[in-house]
Amino acid sequence: MMLPPGVKQSDFSSALAEFAKAVGGEWVFTSDEDLNLYRDAYSPFLHEAEERVASAAVAPASTEEVQQIVRTANRYGVPLYAISTGKNLGYGGSAPAMSGCVVVDLKRMNRIIEVNEANAFALVEPGVSYFDLYHHIRERKLKVWIDCPDPGWGSVVGNAIDRGGGYTSANYRNHFDSHCGMEVVLPNGELLRTGMGAIPNAKTWQQYKSGCGPWIDGIFSQSNFGIVTKMGFWLMPEPEAYLRCTVTVPRYNDLMPLVETLNYLENARITSGFPDLASPLNGYPPTGQVQLWNESGPPQQTPEHRRVLAGAKVGFSPELEAYGIKSGIPYWELWLSFHGPMEVIDAQWRAAQRRFSTIGGVKFRVVDRMSLPFDPSKTEDYHEPEFGIPSLRAFSIGARTPWNPTPSKGHMWFSPIIPRTGEAIIEANRVFAEAARDLGMPLFRSFAMPACFWERSFIFILATPVTEDPATNKQYRDGFQKLIEVGGQHGWGEYRTAPVFQKSVMDVYSFNNHALQRFHETLKDAIDPNGILSPGRYAIWPKHLRGSQS
Amino acid sequence: MNVRSFTAMLCVLTAPALAQAPTDPHAAGRAVYVKWCAPCHDPGITHPGTNALTVKYKGVKPGVLLEWKDLPASAVKVLVRHGISVMPQFRKTEISDSELDALAQYLSRNSPPG
């Protein structure tokens, strides 16, 4: 049996016995067979000694059991690592950030405590998946939408505290921003409620976010300062109607006013649905249609199109632009969606067209104009998460398809945040394409478009495959590290990353001699003096492991 | 035996006496399939597991898992606990051993014992 670093066998055995007393023996896992289930299925260190693996796992069913586990861990100095549903594949899965941790598997804490239709909020435990919450709402015919990421089996709580995103309206797409109130087991086992939840018998825990005094919720995301055991979320009232349209422009330099106008419209809330950018001329799909392309294949290009595309640099050549104009293939395509009463969204679309009409050659098209609720039997042609419907279609990425005869073993996401400008899209493509080519990385081979999950910024979400071949995985890991550094040199940073890259990513956030990292460590030492909670998560190490592990 | 599997067994043992309805021997396995497998393996192009199997077996076997006639229960258990390609393994907090037994029986219902 693997021991946690620095823990004696006798102490570890005593801790495991106390865990079993707290949760029941059948929910403490120590055999190799059981612990294999806690490996990161998409580990970039697959089959290598550096893969991060657990020494044991314990699965509590209640907040009180989590508290008992944490108190026991303190007594024996046993490091814990909390997971929710363990399905954030590509960002660490169910494995710890440091080998030897005991995984605290919160999947059994799967209660949907409340869904309030009248004021559109929910309170859930970390084992609740997007599928669970969606089905709960549908079975009760409640008129609220969830906002979900692509993989629907993820944890509503876990995705939010990993700061994931979704596809409906701007108010809800940022899952951490749309939370309201937390319950947290602190590293000493004490129970904390944030926001209005700090008032005994609180009446507005899920209705007013910040309470009074310092608003501390953020420190429990992408961190190791507590185990979140309940979390509230604001939900979107079911809209009456949906409108989806495209705005296309013909020239390379049209990207700049296209993005600038989008920003105005979104920041002014004239459009609030998921904006989606594509480049038909460069053969790059909108984010929401990647799965459709994986399933049915990308649009076919003529031999002439392929020829002029091959000669383009950073997505441009005069010949490519001329070919697009001649063939009626837009350089850039922006998908806009609107939710609300039909008369409102029709008016919003008219206002949007007026704003875009200053771009010469712009064209508009209404793709869908429908009353809601959405008929779930018609999902095939749609990206379900844009209607708050969870699915697993995104796993067409990497899976075997007619267009991908060689499936991968998984993927790691390279996901830098860049400014919301056309110039930044082009600059990021130039910088990353050059670096990826030099590193032999299968990213940015032609021209890539960013996603618009967040307001005010863009994000690239690019999958780097994990394979069965350690040498290839090493090449991609090394390349990934280098891309992080290159991004940092240009003032760009990742929004989230897998444990194996967390140190490299946090090293980019180095303003004033790593003041942010040092502040995290100050907090860690104060909140978790024994360093038992998720050591190494987002490169925050407890004092006794600082240096040796980091 | 955990509480959930004990409850499930209790239901199996007592349901016929209470309801006098015909029992579905695969109800428990089907429920596991619907919750955990269907989003990837149900029929149709929107299911990446079905697409992957269709391409892999090129008509020799169905792409739809529920149509397989040579899927031993033992193979189901190995695949669920080990994963394959981009399908991850499933933990016992997700699919318990008793639920996996039921799932394996359901998916192998048309296959010779093996």
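These are legends for a set of close-up views of a predicted two-chain model.

Some bookkeeping comes before the views: residues count from 1 along each chain as its sequence is written, chains are lettered from A and ligands numbered from 1 in the order in which they are written. Since the model is predicted, local features need pLDDT of at least 70 and side-chain atom pairs count only at pLDDT 80 or more, while totals for chains, interfaces and linings use all residues.

**View 1. Where chain B meets chain A.**
Here 21 residues of chain B are in contact with 33 residues of chain A; contact is taken as C-beta atoms, placed from the backbone, lying within 7 Å. On the chain B side, α2 (27–41) and α3 (48–57) each supply at least two residues, and α3(B) gives the most, with five. Helices are DSSP runs of H or I with at least four residues, strands are runs of E with at least two, and both are numbered from the N terminus. Sorted by class, the chain B side has eight nonpolar, eight polar and five charged residues. For that sorting, Ala, Val, Leu, Ile, Met, Phe, Trp, Tyr, Cys and Pro are nonpolar, Asp, Glu, Lys and Arg are charged, and the others, Gly among them, are polar.

**View 2. Domains of chain A, with the contact of domains 2 and 3.**
Chain A splits into domain 1 (9–107), domain 2 (110–237), domain 3 (241–378) and domain 4 (410–490), with bounds from an automatic or database domain assignment. The centres of domain 2 and domain 3 of chain A, taken over C-alpha atoms, are separated by 33 Å. Six residues from domain 2 of chain A and six residues from domain 3 of chain A make the contact. On the domain 2 side, that's two nonpolar, three polar and one charged.

**View 3. Helices α1 and α3 of chain A.**
α1 (9–23) and α3 (63–76) of chain A pack at about 165°, with axes 9 Å apart. Axes are lines fitted to C-alpha atoms, for helices over the stretch in contact, and angles run from 0 to 180 degrees between N-to-C directions. That angle makes α1(A) roughly antiparallel to α3(A); the label covers angles over 145 degrees, with under 35 being roughly parallel, 65 to 115 roughly perpendicular and the rest oblique. The crossing of α1(A) past α3(A) is right-handed, meaning that the near helix is turned clockwise from the far one by less than a right angle (anticlockwise would be left-handed). Residues in the contact include Phe19(A) of α1(A) and Ile69(A) of α3(A). The full set has seven nonpolar, three polar and three charged residues.

**View 4. The four-stranded sheet of chain A and helix α11.**
This open sheet of chain A runs β13-β14-β12-β15, with antiparallel pairing; strands pair if DSSP finds at least two bridges between them. Its edges are β13 (276–278) and β15 of chain A, each pairing on one side only. Ignoring direction, neighbouring strands are turned by 15° against each other on average. Nine bridges join β12 (241–249) to the antiparallel β14 (332–340) of chain A, and Tyr242(A) stands opposite His339(A) in β14(A). On the sheet packs α11(A), touching β12, β14 and β15 of chain A, with its direction at about 155° to that of β14(A).

**View 5. Helix α7 against helix α11 in chain A.**
The axes of α7 (255–267) and α11 (342–356) of chain A come within 10 Å and cross at roughly 150°, which makes α7(A) roughly antiparallel to α11(A). From α7(A), Thr261(A), Tyr264(A) and Leu265(A) meet Ala352(A), Arg355(A) and Phe356(A) of α11(A). By class, that's four nonpolar, one polar and one charged.

**View 6. Helices α12 and α13 of chain A.**
α12 (422–439) and α13 (470–489) of chain A have axes that come within 10 Å and cross at roughly 155°. The two are therefore roughly antiparallel, and their crossing is right-handed. Among the contact residues are Phe432(A) of α12(A) and Leu483(A) of α13(A).

**View 7. Two backbone oddities in chain A.**
Most residues other than glycine have a negative phi, and most peptide bonds are trans. Leu372(A) and Pro373(A) are joined by a cis peptide bond, omega about 15°, and Pro373(A) sits in the loop between β15 (363–371) and β16 (410–414) of chain A. Lys141(A) isn't a glycine, yet has a positive phi of about 55°; its place is the loop between α4 (130–139) and β7 (144–145) of chain A.
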